[in-house]
Amino acid sequence: MATKEVTVESEDTGVEVRIIGDPVGKGLFATRDFKSGEVIFEERPLVSCQFLWNAAYGYLACDFCMRPLETAEENACRLTQNPQLTLPYPECCDTKKDAVVECPYCDASYCSRDCRESAWNQYHETLCLRSFMPDPSHPLVMLQEAWKQMHYPPETACIMLLARIIATVRQAADKEGATALFMQFCHRTVNEEEEIAHKLLGAEFHDQLEALRVMMEKGLGAPEVQHWLTPEGFRSLVALVGTNGQGIGTSPLSRWVRNCDALEISAAEREKLDQIVDDMYVQLEKEAGGFLNNEASGLYPLQSSCNHSCDPNAMPTFPYNNFHLVMTAVKDISAGDEICVSYLDECNLSRSRHSRITILRENYLFTCRCTKCEEQTGDPDVTSEEEMDEDEEEEDE
Ligand SMILES: [Zn+2]
Ligand SMILES: [Zn+2]
Ligand SMILES: [Zn+2]
């Protein structure tokens, strides 16, 4: 029966994971053609978690699925620091405040009863601090504070994602099966052939990591997760979330803007609305800079089997404004093609080959040999002043 299920999956989804080399090389390949703009696959993360500073600064999102819990107007008032700001067309805001529920024992909030139940059943029963004023000496509170002191925004990883993985296994009826689900992700801490170690695991972080591990063990230690709480096991768990974590961004305001774009209104009304939106974004830029979204990181089995290319043919999107990922083709893809995404954000993707390769090696432990990088092998190492600084830092290491 298990075999039958696997066959159906690979036939129907239009994609398949192939093992493409040692030691853990895999890739996702198209088994049919996809047009640019077409959905390749959709999936929910095995586990996800909002970044700690993002939550601390008041970006309100469902503690399970990251759906915004603020209205667009509340979001705009907070981010522009202008409590008087009002937004027209409130019906264009998707946030359903009536449905918001809280954990009865702590301050975790959810967009729905379903999310509260899912979180409780998967990991929150283990992680709930059972207090609205948690004891600052609780190991999980100390763990979060320690992480925040080590990782200021912009955030790229979250220690509580590790805690949720451990809690998920502890609460699972089939603990071995749950462990195996997480071990399918690449979790190597070094690339031996190329002698690169993960950025989060460098010698300079040795003491910090050990401190985090001790707190994690105090807070969540149990026989079934002990393999992740030894120094080496903890390093591999850090590498797992470091190399596989997919960023998730949600925003009530961007949804409101998008829904407003679809309104059928007169040219005069449209002009007035555009002016309001433009003025608002000027204020947002001034007060909040680039930090407009609720931000999280999640682990997605299919997405994580997509390799990187600096010239990708697919892109993860979040059209439901929660953690539900939709992989979309950004070029025409033929059956047999490998589906590749960019692990770099747009800004880093536009940098020189040298800079791109440095970032990818530090964070993802490989040297990019995509077609774009191969074409640019002859380019000079440095292309801009901004990148000079970075190169100097590198030489110091
Ligand atoms: Zn939710
Ligand atoms: Zn709770
Ligand atoms: Zn490349």
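Biologist: Hi! How many contacts beyond four places in sequence does the model have for residues 384-397?
Modeller: The model has 12 for residues 384-397, where pLDDT (the predictor's confidence in each residue, from 0 to 100) stays under 50. A contact here means heavy atoms within 4.5 Å. This is a predicted model, in which local features need pLDDT of at least 70 and side-chain atom pairs count only at 80 or more, while totals for chains, interfaces and linings use all residues; side-chain values use heavy atoms, without hydrogens and water. Residues are numbered from 1 along each chain as its sequence is written, with chains lettered from A and ligands numbered from 1 in the order in which they are written.

Biologist: And what about residues 1-10?
Modeller: Their pLDDT stays under 50 too, and the model has three contacts beyond four places in sequence for them. For the protein, the mean pLDDT is 89, and 90% of the residues reach 70 or more.

Biologist: On to the metals. What coordinates the zinc ion (ligand 2)?
Modeller: Cys103 (SG), Cys106 (SG), His124 (NE2) and Cys128 (SG) do, at 2.1 to 2.3 Å. Donors are N, O and S atoms within 2.8 Å of the metal (3.2 Å for Na, K and Ca); water is not among the atoms, so sites may look incomplete. In sequence these residues are spaced C-x2-C-x17-H-x3-C.

Biologist: Why is that arrangement called tetrahedral?
Modeller: Because the four donor atoms around ligand 2 subtend angles of 102 to 112 degrees, and tetrahedral requires all angles of four donors to lie between 85 and 135 degrees.

Biologist: Is His124 buried or exposed?
Modeller: His124 is buried, with a relative accessible area of 7%. Buried means under 20% relative accessible area (1.4 Å probe, protein chains only). Cys128 is buried as well, also at 7%.

Biologist: Which residues hold the zinc ion listed as ligand 3?
Modeller: Its protein donors are Cys310, Cys368, Cys370 and Cys373, each through SG, at 2.3 to 2.4 Å. The site is tetrahedral, with angles of 103 to 113 degrees. Cys310, in the loop between strand 11 (307-308) and strand 12 (314-317), and Cys373, in helix 15 (residues 371-375), are 63 residues apart, so the pair links distant parts of the chain. Helices (H or I, at least four residues) and strands (E, at least two) are DSSP runs, numbered from the N terminus. Both Cys310 and Cys373 are buried.

Biologist: New topic: what covers the buried residues of helix 3?
Modeller: The cover includes helix 10 (252-261) and helix 11 (267-288). Among the buried residues of helix 3 (residues 72-80) are Ala72, Asn75 and Leu79. Gln81 follows helix 3, with a positive phi near 55 degrees.

Definitions and conventions: Four donors count as tetrahedral if all angles lie between 85 and 135 degrees; four count as square planar and six as octahedral if opposite donors are over 155 degrees apart and all others between 65 and 115; anything else is irregular. Buried means under 20% relative accessible area, exposed over 50%, partly exposed in between (1.4 Å probe, protein chains only).
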